[in-house]
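Please open the structure in your viewer and keep the sequence panel beside it, so that each selection can be followed in both.

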Amino acid sequence: MGDFAVHVSQAKHNESLAEFLLDKPYFDWSITACFYSAIHYVEARLFIEFVESDKKHSETSIPVDDKGEWLVTPHRWRERLIQNHFSKSVWKSFRNIKEASELARYLSYFPNKQASFKDVPSFKLFEFENAQFSLDIDLENIKRDLRIELCEFLYSLEMEKTDPIRANLIINKILSNFSTKEEVLQLGKTSFKKQQYLNKEELIFLKQHLENKGLSLSSDTDKT
Amino acid sequence: MFNMIISTSTATIPDKITLPERIIKSIYYQEYLKSVNYFEQEKREPEWLRSVTLELIKREPEWLRSVTLELIKREPEWLRSVTLESSLLTENIEEITLESLNAAEIFNALRLQRQEIELSIVSKFKNIEQVTAIYTQKYRYELQIIVFLNMETYNNGLMHKLLDLEYDLQKQFQEPLLAFSYIPKIYKNRRDIVHPNALLIFEK
């Protein structure tokens, strides 16, 4: 499995497909593309959470029995990780997209081969509003609460190439206290120090990498 | 509990009774003790316990066999894990009986845990108008919960309402892992959709 950037790239690719299908209209497949986008956004954030462990992907931490066989299914385990690491809002939006997409693909799973269904194909369960909800409400909610844009900005500074451990520490501290790139830049180094979000060394490290990209904290800009 | 060991022991004792049956005997034995108010009486000697157990095993082999088969059908995973607990048993019938009593306690605890979860699920979902029935079934370390809805097309508003309730249950019960599925009105017969051994825990 890929690192943060690879997951986000795949998530955006799937999200574009969801948007494309919404106009056709293939609402059921749009929802399914949304689900595969949501998975990669979640895995991208889990990568940051577990970057220093050997469990950077949800499927590498599934509990197993003494024979090494999974005790729970991978999708259910991912939901548990979302519940434990992220907000209720992310969990709820992810669960809703997953339920809809599974109905769209499988009508859930049915062990009885003689199952008798109504004469209605799965795509008839979904209307434009359902697909739009998945894309504009649930997926947007997931991206916002996981602070994907801020993560992308922080990774664009390439701090991990200089010092991966320090970079991860700084990224996690910023993610715990800020929602957007603008909030980080506007607060400036004085506020950073005052609020003790970062220590002196971490602040210098961040500032250096911002400068490498032609950026600076707001207080630095004010001086010039 | 996630490191719970699953086994499929098929060891037998000289009288050709398999280990799961021994466990059922002990469950039956506990029920018997309750029926004679044993626990409310004076403390009994261990020897008396053993003799009563052995007498029950001798008298009720067919009944025990039928209950065992039912348990294997309904709770195969739990039964296998409990069976492993009994794999430490010796060939001595008295020791086996005592060991199986311990195993039965574990089994009963798991059964009670499931009942508690099921009661909580029903109390949360029963007042939602669109919920028509709820089934549960075991899969590995998951308790799968299938919620049937009177929903002809996908309803995001209803789903978010249901997921609010599910979230509370997920927080309340960390183990076993609760795996909810919500099924709209797309079937002719509900029983076609759930596993044949699934339990109906709520119906309108």
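The tour below goes through a few selections in chain B and then one in chain A.

This is a predicted model, in which local features need pLDDT of at least 70 and side-chain atom pairs count only at pLDDT 80 or more, while totals for chains, interfaces and linings use all residues. Residues are numbered from 1 along each chain as its sequence is written, and chains are lettered from A and ligands numbered from 1 in the order in which they are written.

Begin by selecting residues 142-149 of chain B, which form strand β2; strands (E, at least two residues) and helices (H or I, at least four) are DSSP runs numbered from the N terminus. Of the 8 residues in this strand 7 are buried, so the rest of the structure largely encloses it; buried means 20 or more other C-beta atoms within 10 Å of the residue's own, exposed 12 or fewer, and partly exposed in between, with C-beta atoms placed from the backbone.

Next, add strand β1 (residues 131-139) of chain B, which runs antiparallel to β2(B) and is joined to it by 8 bridges, where pairing requires at least two DSSP bridges. Within this pair, B:Ala133 lies opposite B:Phe148. The two strands form a hairpin with 2 residues between them, and B:Arg140 in the turn has a positive phi of about 50°.

Then select strand β3 (residues 177-183) of chain B, which runs parallel to β2(B) through 7 bridges; here B:Gln144 has B:Ala179 as its bridge partner.

Finally, move to A:Arg144, which sits in helix α5 (residues 128-145) of chain A and is partly exposed, because 15 other C-beta atoms lie within 10 Å.
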